[in-house]
Amino acid sequence: MVPPLALDIDGTLTTPTGRIDPRAFELLPAWEAPVVFATGKAFPYPVALAHFLGREETVIAENGGVAYVDGETTTVGDPDAARAVVEAFRERGGEVGWGDGDTVNRWRETEVALSPDADEALLREVAAAAGGDVEVVDTGYAYHVKSVGVSKGRALEVVADALGLDPAAFVAVGDSENDVSTFGVAGESYAVANADDAAREAADTVLDAGYMDGTEAVLSALRERGG
């Protein structure tokens, strides 16, 4: 028997250029246990990925701000507080940085994401001035302004409960500080070789290979272990 999975997307199921690695479409559709896609992206992204993989749409989005399982959506966090921080950031000359349209945030429900080219020091200064309810998380792909206490790990507990599973039954794979909470909840955790320092320190195992190469190695080992 293979275990259920909690998989980050960017940097974990992707190539170094940010594309979904085609091996995801070979390895994941037939995985004989629940697969939870846990990402910092807005809600539609992991839902679409699950759909095109032919998987149940069991997802965690917005760093834990949104969880969807068995047709039920759970949202946590204060989006107004996050938006107020970003507005104050703009008033001080900061730029969100996604250009016209901003599809990165168009469907985002619980937080705001800024380009990795945004002024991090100014953003953190503005967030700190807003009090202790809002924080900035750097995933390597964006700066996320979100409510304190919202995390992928807490959302995984919600999803696992809905599935009738122990969160410790899950194997987690990720690459960023927003995966640290998932690693703390899952029973087994792996950081791909391209992971940041926070993820590497929190993971049970740091893989020799990065991106989908590392994830494929984990999936292959788990399948061999499960017989």
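**Packing of helices, sheet and core in the predicted model**

The buried residues of helix 5 (residues 120-129) are covered by elements that include helix 3 (79-91), strand 6 (112-114), strand 7 (134-138) and strand 8 (143-147). The model described here is a predicted one. Within helix 5, the buried residues are Leu122, Leu123, Val126 and Ala127. Around the helix axis they cover an arc of only 130°, which puts them on the same side of helix 5. Ala121, Ala128 and Ala129, on the other side of helix 5, are exposed. Such a spacing can be related to helix geometry: an α-helix has 3.6 residues a turn, so residues three or four places apart point the same way.

Helix 2 (44-53) was examined in the same manner. Its buried residues include Pro46, Val47, Leu49, Ala50 and Leu53. Viewed down the axis of helix 2, the buried residues fall within an arc of 160°, so they line one face of the helix. Among the elements that cover them are helix 1 (24-27), strand 2 and strand 3. Just after helix 2, Gly54 adopts a positive phi of about 75°. Leu53 of helix 2 can also be placed relative to Ala30, a residue in the loop between helix 1 and strand 2. Ala30 and Leu53 are separated by 23 residues in sequence, and their C-alpha atoms are 9.2 Å apart in space. When residues up to four places away in sequence are not counted, Ala30 touches Arg55 and Arg223.

The strands were considered next. Strands of a sheet pair through backbone hydrogen bonds, either parallel or antiparallel. In this model, eight strands form an open sheet with mixed pairing, in the order 5-4-3-2-1-9-10-11. Strand 5 (72-75) and strand 11 (205-206) are the edge strands, each pairing on one side only. At the edge formed by strand 5, this strand pairs with strand 4 in the antiparallel sense over four bridges. Val69 stands opposite Glu72 in strand 5. The hairpin of strand 4 and strand 5 has two residues between the strands, and Asp70 in this hairpin takes a positive phi near 50°. At the edge formed by strand 11, two bridges pair this strand with strand 10 (residues 188-191) in the parallel sense. Thr205 in strand 11 is the bridge partner of Tyr190.

Strand 2 (35-38) has parallel partners in both strand 1 and strand 3. Three bridges join strand 2 to strand 1, and Val36 of strand 2 is the bridge partner of Ala6. Two bridges link strand 2 with strand 3, where Val59 is the bridge partner of Phe37. From strand 2, Val35 and Phe37 point one way, whereas Val36 and Ala38 point the other way; all of these residues are buried.

The nonpolar interior was then analysed. In soluble globular proteins, nonpolar side chains tend to be buried together. The largest nonpolar core of the model comprises 29 residues, and those with the most contacts inside it are Leu5, Leu13, Leu28, Trp31 and Phe37. Two or more residues are given to this core by each of strand 1 (5-7), strand 2, helix 2, strand 3 (59-61), strand 4, strand 9 (171-174) and helix 9 (211-226). Leu5 touches Leu28, Trp31, Pro34, Val35, Val36, Phe170, Val171, Leu219 and Leu222, with residues up to four places away in sequence not counted. A second, separate core has 19 residues, including Ala67, Val159, Ala160 and Phe183.

Ring interactions complete the description. A pair of aromatic rings is described by the distance of the centres and the angle of the planes. One aromatic pair is present in the structure. Its members are Phe43 and Tyr68, whose ring centres lie 5.7 Å apart with planes at 55°, so the pair is tilted. Phe43 belongs to the loop between strand 2 and helix 2, and Tyr68 to strand 4 (residues 66-69), so the pair ties together parts that are 25 residues apart in sequence. Both Phe43 and Tyr68 are buried. A further ring contact involves a charge: the charged end of Lys41 sits over the ring of Tyr45, at 5.0 Å from the ring centre.

Notes: Residues are numbered from 1 along each chain as its sequence is written. This is a predicted model: local features need pLDDT of at least 70, side-chain atom pairs count only at pLDDT 80 or more; totals for chains, interfaces and linings use all residues. Side-chain values use heavy atoms; hydrogens and water are left out. Rings of Phe, Tyr and Trp (its six-membered ring) pair if their centres lie within 6.5 Å; planes under 30 degrees apart count as stacked, over 60 as edge-to-face and the rest as tilted. Buried means under 20% relative accessible area, exposed over 50%, partly exposed in between (1.4 Å probe, protein chains only). A charge sits over a ring if NZ of Lys or CZ of Arg is within 6 Å of the ring centre and within 35 degrees of the ring normal. A nonpolar core is a set of buried Ala, Val, Leu, Ile, Met, Phe, Trp, Tyr and Cys residues joined through side-chain atoms within 4.5 Å. Contact means heavy atoms within 4.5 Å. The arc is that of the directions from the helix axis to the C-beta atoms. Two strands pair if DSSP finds at least two bridges between them.
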